[in-house]
Every structure is written in structure tokens, then in C-alpha cells.
Amino acid sequence: MSGKLKTVLSWTGIFLIAGVLYYFLYYIKTPEYSIGMIQIAIENHDTDTFDKLVDLRQVYSGIFDDEIKANAKGNINAAGFLMAFKSLAINQYIDDTKQAILSTDKYNGTKSFRKLQNNSGYKGSKVSSVLTLKKEGNIAIVGVVMLEESEDQKYRYDLTMRKLPDGYWQLITVSKPKD
């Protein structure tokens with residue numbers, strides 16, 4: 001092999017390896033990758049990784065506040081009553097979520113967690129696609145399209161994520177599903 005051909009092949013190999021490394025090192029620091037890591041943490045019953053990548057307190061607080069707004073329309077007494085139990089309810093949902101992740105039976109979990117699953121529409125759903133919709137600084141909005149198998153219908157959830165100091169992204173809010 002001639003010297004020029006060896007040089008060209010060497011540089012081509014170096015650029016190819018550099019390109020693959022750059023893509024890999026970039027991709028693992030994206031919100032989409034963190035969504036995949038959350039799914040893997042659930043499948044592997046890894047609550048440490050799940051805790052790192054999902055701020056359950058903030059997620060459930062947002063969901064609880066949305067439900068209060070939707071169900072206590074104009075009724076200050078009802079809203080105040082529900083707010084009084086917010087902290088207790090969130091703590092229970094966090095405990096139930098962690099128990100469900102640790103469970104080897106994907107349909108196991110406490111009664112309140114199963115109720116939350118049924119209300120959210122998650123049970124029986126599969127992730128169809130994940131796409132970062134908007135990224136500004138350390139905050140990203142990620143669209144996750146879920147396929148509801150029983151209805152053969154897709155729903156999109158917009159997830160708000162914040163960048164962690166190590167470059168991974170943490171889920172902090174979940175929107176109501178959109179058709």
C-alpha cells in the first residue's frame with residue numbers, strides 16, 4: 001500500500017472515530033437519552049437512577065395542582081380542603097411509585113398507585129416517540145408520544161426537564177395528554 005493511501009485511510013479512520021465519539025458523547029447528554037434511562041431504571045427496578053432522573057415531588061405537585069384547578073372551580077373551600085391534604089397525598093404517591101418500581105410484577109403496586117395509573121392512562125401504553133420540542137438553557141420541553149394499545153390511539157405528553165450538573169436531564173413536570 002502506498003504512503004498516500006495509508007495516510008488517507010488513517011485520517012478517514014480518525015475522523016470517523018471522532019465523529020462517532022462526538023455523537024455518542026453528545027447524545028448521552030440529551031433529554032431524549034434521559035427519558036430512555038428512566039424507562040430502563042423502571043425495567044431494572046433501579047430506584048436510585050429513577051430518583052436522580054425524576055423529581056417525583058415536583059411532578060406530583062404539578063399534577064395535584066392541575067387537578068385542584070380542574071375540580072375545585074371557584075370553590076375556595078374545596079380548594080383549601082384539598083390543599084391541606086396535598087403534602088400527605090404527594091408523599092403517599094411517591095412511596096407508591098417507588099414500591100411499584102421495586103416490584104417485579106409490572107401490574108403490582110399499591111391500590112393508590114394503580115388508581116393513579118388508571119387515571120393517567122399509562123397502564124397499557126407504550127412510548128411511540130420522543131422529541132425535544134424546545135430547549136432554552138437548562139430547561140427543555142420534550143414531547144413523548146404514547147400509543148394506547150387498547151384504543152389504538154396516540155397521545156402526546158409534554159414533559160418539562162431541567163439539566164443536572166452532570167449533564168443528564170431530570171423530569172420535573174408532565175402535561176395533560178394531547179391528541
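1. Is Lys52 buried, partly exposed or exposed? In this structure, which is a predicted model, Lys52 is partly exposed, because its relative accessible area is 35%, a value that lies between the 20% under which a residue counts as buried and the 50% over which it counts as exposed. The points below begin with the chain as a whole and return to Lys52 among the salt bridges.

2. As to the general architecture, the chain contains seven helices and four strands, and, when it is read along the sequence, these elements follow the pattern α-α-α-α-α-α-α-β-β-β-β. Of the 179 residues in the chain, 29% are buried. Among the contacts with a separation of 6 or more, 43% are between residues that stand 24 or more positions apart.

3. One helix pair deserves a closer description, namely α4, which covers residues 56–71, and α6, which covers residues 86–102. Two packed helices are described by the angle between their axes together with the distance between those axes. For α4 and α6 the angle is about 125° and the axes are 10 Å apart, which makes α4 oblique to α6, since an angle of this kind falls neither in the 65 to 115 range that counts as roughly perpendicular nor over 145, where helices count as roughly antiparallel. The crossing of α4 and α6 is right-handed.

4. The residues that bring this pair together can be listed from both sides: α4 contributes Leu56, Arg57, Tyr60, Ser61, Phe64 and Asp65, while α6 contributes Lys86, Ala89, Ile90, Asn91, Tyr93, Ile94, Thr97 and Lys98. By character, the residues of this contact divide into seven nonpolar, three polar and four charged.

5. Lys98, one of the α6 residues in contact with α4, also forms a salt bridge with Asp51, where the closest N and O atoms are 3.5 Å apart. This pair links distant parts of the chain, for Lys98 belongs to helix α6 and Asp51 to helix α3 (residues 47–53), with their positions 47 residues apart. Lys98 counts as partly exposed because its relative accessibility is 27%, and Asp51 is likewise partly exposed, with a relative accessible area of 30%.

6. Helix α3 also holds Lys52, whose salt-bridge partner Asp166 lies in the loop between β3 (153–163) and β4 (169–174), so that the pair joins distant parts of the chain, 114 residues apart. The closest N and O atoms of Asp166 and Lys52 are 2.4 Å apart. Asp166 is partly exposed, with a relative accessible area of 33%, and Lys52, as the opening point states, is partly exposed at 35%.

7. A search of the whole structure finds six salt bridges, and a further one to record here joins the side chains of Glu136 and Lys134, at 3.5 Å from N to O. Glu136 is exposed, because its relative accessible area is 54%, whereas Lys134, at 46% relative accessibility, counts as partly exposed.

8. A last residue to consider is Ser34, which has its place in helix α2 (residues 31–43). Ser34 is buried, with a relative accessible area of 0%. What does Ser34 contact, once its neighbours within four places in sequence are left aside? The residues in contact with Ser34 are then Leu53, Met161, Tyr168 and Trp169.

Note on methods: Residues numbered from 1 in each chain as written. Predicted model: local features only at pLDDT ≥ 70, side-chain atom pairs only at ≥ 80, totals over all residues. Heavy atoms only, no water. Axes fitted to C-alpha atoms, helices over the stretch in contact; angles between N-to-C directions. Helix = DSSP H or I, 4+ residues; strand = E, 2+ residues; numbered from the N terminus. Parallel < 35°, antiparallel > 145°, perpendicular 65-115°, else oblique. Left-handed = near helix turned anticlockwise from the far one by under 90°. Contact = heavy atoms within 4.5 Å. Nonpolar A, V, L, I, M, F, W, Y, C, P; charged D, E, K, R; others polar. Salt bridge = Lys/Arg side-chain N within 4 Å of Asp/Glu carboxyl O. Buried < 20%, exposed > 50% of the residue type's maximum accessible area, 1.4 Å probe, protein only.
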